[in-house]
Amino acid sequence: MTGTEDSLFGCIAVLLDDPDKCASIGARAREYALEHHAESNIETLARLLELAAVIGPDVPLALWRRVGSASDERFTEAVERAVTAHMLEDAPLGLSLRFTHALVRETLYAGIPLSRRQQWHRQVAEALAEAPGSEPGVVAYHFRQALDPRAVEWCIRAGSRIERVAWLT
């Protein structure tokens, strides 16, 4: 890179933190930098909403935050925007959100490329498998959607659990 390019990229980086510090690069460069930063935010928000659709109709906040691996600020922004847009709403206990309508979730889910969907299902399943008290059937579902062979083990666990519950009733 030339010195000019270094200073331009340096100014753009500064603009993202404090737009008033770097007025010398001109209005067009500033607009580009701010648009690029906004696109990045929008992409992150869209990715988080798609991930919520993979998690399911009910979206536990702790699971979504863990698998989403976004900064606290971006995660909070995604939650607030989704609730404001009436895509998600608080679930009764306040530990999760839920989609306001099945079509909202289905539309988001259908727009996710298959390879990404499988990757996210695997990540969700792994996070659930590590969490104590996770429902084996839910873990099995996500591993199955990821085409992961661990689905068999979790299906057996789910069946055993159902069998135990049946004996108790």
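How many salt bridges does the structure hold? The structure, which is a predicted model, holds nine salt bridges, and several of them offer a convenient path through the helices, from contacts that join distant parts of the chain to contacts that stay within a single helix.

A good place to begin is the salt bridge in which the side chains of arginine 116 and glutamate 50 meet, with a distance of 3.4 Å from N to O. Arginine 116 belongs to helix H6, which covers residues 114–130, and glutamate 50 to helix H2, which covers residues 27–55, so this pair ties together parts that are 66 residues apart in sequence. The two partners can also be described by their accessibility: arginine 116 is partly exposed, with a relative accessible area of 35%, whereas glutamate 50, at 15% relative accessibility, counts as buried, because buried means under 20% relative accessible area.

Other salt bridges stay inside one helix. In helix H4, glutamate 77 forms a salt bridge with arginine 81, and the closest N and O atoms of the two are 3.2 Å apart. Glutamate 77 and arginine 81 are four residues apart in H4, about one turn of the helix, and arginine 81 counts as partly exposed at 47% relative accessibility.

A further bridge of this kind is found in helix H8, which covers residues 150–168, where arginine 157 and glutamate 153 are four residues apart and are therefore separated by about one helical turn. Their side chains meet in a salt bridge of 2.5 Å, N to O. Arginine 157 counts as partly exposed at 37% relative accessibility, and glutamate 153 is partly exposed as well, with a relative accessible area of 39%. Arginine 157 has another contact to consider, since this residue lies over the face of tryptophan 154, at 4.0 Å from the ring centre. An arginine is placed over a ring elsewhere too: arginine 105 lies over the face of tyrosine 109, at 5.6 Å from the ring centre.

Salt bridges can also join into a network, and here Arg122, Glu126, Asp148 and Arg150 are linked in this way.

From charged side chains the view can turn to aromatic ones. Which residues form an aromatic pair that is edge-to-face? The count comes to one aromatic pair, and this pair is formed by tryptophan 64 and phenylalanine 75, whose rings are 5.0 Å apart from centre to centre, with 70 degrees between their planes. Tryptophan 64 lies in helix H3, residues 61–68, and phenylalanine 75 in helix H4, residues 72–84, so the pair ties together parts that are 11 residues apart in sequence. Are these two residues buried or exposed? Both tryptophan 64 and phenylalanine 75 are buried.

The helices that carry this pair also pack against each other. Two packed helices are described by the angle between their axes and the distance between the axes. For H3 and H4 the angle is about 130 degrees, and the axes are 11 Å apart, which makes H3 oblique to H4. H3 passes H4 in a right-handed crossing. Helix H3 packs with H6 as well, at an angle of about 125 degrees and with the axes 10 Å apart, and this makes H3 oblique to H6. The crossing of H3 and H6 is right-handed.

The loops that follow H3 and H4 each hold a residue with a notable backbone angle. Serine 69 lies in the loop between H3 and H4, and although serine 69 is not a glycine, its phi is positive, at about 40 degrees. Serine 69 is exposed, with a relative accessible area of 60%. Histidine 86, whose place is in the loop between H4 and strand E2 (88–90), likewise has a positive phi, of about 60 degrees, without being a glycine. Histidine 86 is exposed, with a relative accessible area of 61%.

The walk ends back in helix H6, where glutamine 123 is found. Glutamine 123 counts as partly exposed, at 29% relative accessibility. How far apart are the C-alpha atoms of glutamine 123 and histidine 142? These C-alpha atoms are separated by 8.6 Å, while the two residues are 19 residues apart along the chain.

Technical notes
Residues numbered from 1 in each chain as written. Predicted model: local features only at pLDDT ≥ 70, side-chain atom pairs only at ≥ 80, totals over all residues. Heavy atoms only, no water. Phe/Tyr/Trp six-rings, centres within 6.5 Å; stacked < 30°, edge-to-face > 60°. Helix = DSSP H or I, 4+ residues; strand = E, 2+ residues; numbered from the N terminus. Buried < 20%, exposed > 50% of the residue type's maximum accessible area, 1.4 Å probe, protein only. Lys NZ or Arg CZ within 6 Å of the ring centre and 35° of its normal. Salt bridge = Lys/Arg side-chain N within 4 Å of Asp/Glu carboxyl O. Axes fitted to C-alpha atoms, helices over the stretch in contact; angles between N-to-C directions. Parallel < 35°, antiparallel > 145°, perpendicular 65-115°, else oblique. Left-handed = near helix turned anticlockwise from the far one by under 90°.
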